[in-house]
Amino acid sequence: MRPGIVLHQEERRAHCISVRSDNGSEDFIPVPNSSQVMLRSVGRSLLANRITGRRMMSQKTLTGKVAILTASTDGIGLAAAQALGRKGAHVVVSSRGKENVERAVELLRSENIKVTGTTCHVGNREDRERLVKTTVEQCGGVDIFISNAAVNPFVGNITDSTEEVWDKILHVNLKSAFLLTKLVVPYMEIRGGGSVVFVSSAAGYQPVEALGPYNVSKTALMGLTPALAPDLGRRNIRVNCVAPGLIKTQFSSVLWKNENVFEDFKRKMIIKRMGTPQEAGGVIAFLCSDEASYITGETITVAGGINCRL
Ligand SMILES: NC(=O)c1ccc[n+]([C@@H]2O[C@H](COP(=O)([O-])OP(=O)(O)OC[C@H]3O[C@@H](n4cnc5c(N)ncnc54)[C@H](OP(=O)(O)O)[C@@H]3O)[C@@H](O)[C@H]2O)c1
């Protein structure tokens, strides 16, 4: 069919698929000839089974899955919980502050997302163990783990950073991500497989000058991902990493509230604006979905086109 041609009703039926909405009105979507047979048969099967059809249409592809997310009461972690929850997963949100957890749980419930909340400081061994135990007891297992927590207690010349700063950053940003993965893997094996996502940063590729040790901790997460992939792959668990650029959150406010720093970022961006937490959260949820079933050991950059190569 040539573009721009207005078709009569019968011609429309020959060249378009017809979609009937709940209020009974009929729309016609033009399709090329080669696609018509396939689309008609999909359409017929959706009509024959309206429940399956609704489920497919609403993309609830993670129904029945349980997802643990660290640092998920705000920003990227909360947006990832929303994206996973919209795909049907039961999300277990956590962070250090009890009130923050309660607020996030209330928000997610108001969006009809299945949610459990608990406090967890990822640097604390008892907290990590309690997070996993609570999930298994209350939700019956674990299928997805999102390691999103990070700290950055240091801004300055890297040679001024102390041993304490390095210990804290590597402990929270890197070691806890690995130790939590180790805790959840046996439960994922019981379920027959799973998916792990580490939240790194574009700063792991292109160091932000004043954030020395933080940059290195994020580079290390990109290294941890392919290092874990073969071992986890044998257990049918995929592991991937997301490297956000400048995303507008509280954590990054030290960067975007400073006009000079922000302008410097903008010069490096192809898409000349900050990202939203939802734009990062959606990619995290994608990596946990069946659509990403052939992706493991990878880092996906979500940074508005900032050049990210080691
Ligand atoms: N925003 C960006 O531009 C950007 C760019 C690249 C990478 N990232 C990465 O994205 C991740 C999330 O950052 P964000 O920007 O979304 O931050 P955010 O909006 O400020 O949220 C931070 C979350 O982390 C929790 N949290 C902080 N320390 C924690 C700890 N030790 N244990 C558990 N939870 C903790 C906070 O809640 P509580 O205070 O209640 O603990 C809060 O829920 C981090 O790994 C960060 O490095 C962010």
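This report covers strand S4 and its surroundings, helix H11 and the ligand shell.

The model is predicted; local features need pLDDT of at least 70, side-chain atom pairs count only at pLDDT 80 or more, and totals for chains, interfaces and linings use all residues. Residue numbers start from 1 along each chain as its sequence is written.

**Strand S4**

Helices (H or I, at least four residues) and strands (E, at least two) are DSSP runs, numbered from the N terminus. Strand S4 spans residues 90–95, and six of its six residues are buried, so the rest of the structure largely encloses it. Buried means 20 or more other C-beta atoms within 10 Å of the residue's own; exposed means 12 or fewer, and partly exposed lies in between, with C-beta atoms placed from the backbone. His90, Val92 and Ser94 point one way from S4. Val91, Val93 and Ser95 point the other way.

S4 pairs with two strands, as tabulated here. Pairing takes at least two DSSP bridges between the strands.

| Partner of S4 | Bridges | Direction | Facing residues |
|---|---|---|---|
| S3 (residues 66–69) | Four | Parallel | Alanine 67 and valine 91 |
| S5 (residues 115–119) | Five | Parallel | Threonine 116 and valine 92 |

S3, H4 and S4 form a right-handed β-α-β unit. From S4 the chain crosses through helix H5 (residues 98–110) to S5, again as a right-handed β-α-β crossover. Right-handed means that, with the strands pointing away from the viewer, the path from the first strand over the helix to the second runs clockwise.

**Valine 91**

Valine 91 sits in S4. It counts as buried because it has 32 C-beta neighbours inside 10 Å. Leaving out residues up to four places away in sequence, its contacts include Ala67, Leu69, Ala81, Leu108 and Val115. A contact needs C-beta atoms, placed from the backbone, within 7 Å. Phenylalanine 145 is 54 residues from valine 91 in sequence, yet their C-alpha atoms are 9.8 Å apart.

**Helix H11**

H11 has twelve residues (277–288). Its expected span is 1.5 Å times one less than its number of residues. That gives 16 Å, which agrees with the 17 Å between its end C-alpha atoms. Its buried residues include Pro277, Ala280, Ile284 and Cys288. The buried residues of H11 pack against S3, H4, S6, S7, S8 and S9.

**Ligand shell**

Which residues come nearest to the ligand? Of the 30 around it, they are Ala71, Gly75, Arg96, Gly97 and Ala150. A residue is near if its C-beta atom, placed from the backbone, lies within 6 Å. Helix H4 (residues 75–86) gives the largest share of the shell, three residues. The shell holds 14 nonpolar, 14 polar and two charged residues. Nonpolar covers Ala, Val, Leu, Ile, Met, Phe, Trp, Tyr, Cys and Pro; charged covers Asp, Glu, Lys and Arg; the others, Gly among them, are polar.

Conventions. Two residues are in contact if their C-beta atoms, placed from the backbone, lie within 7 Å.
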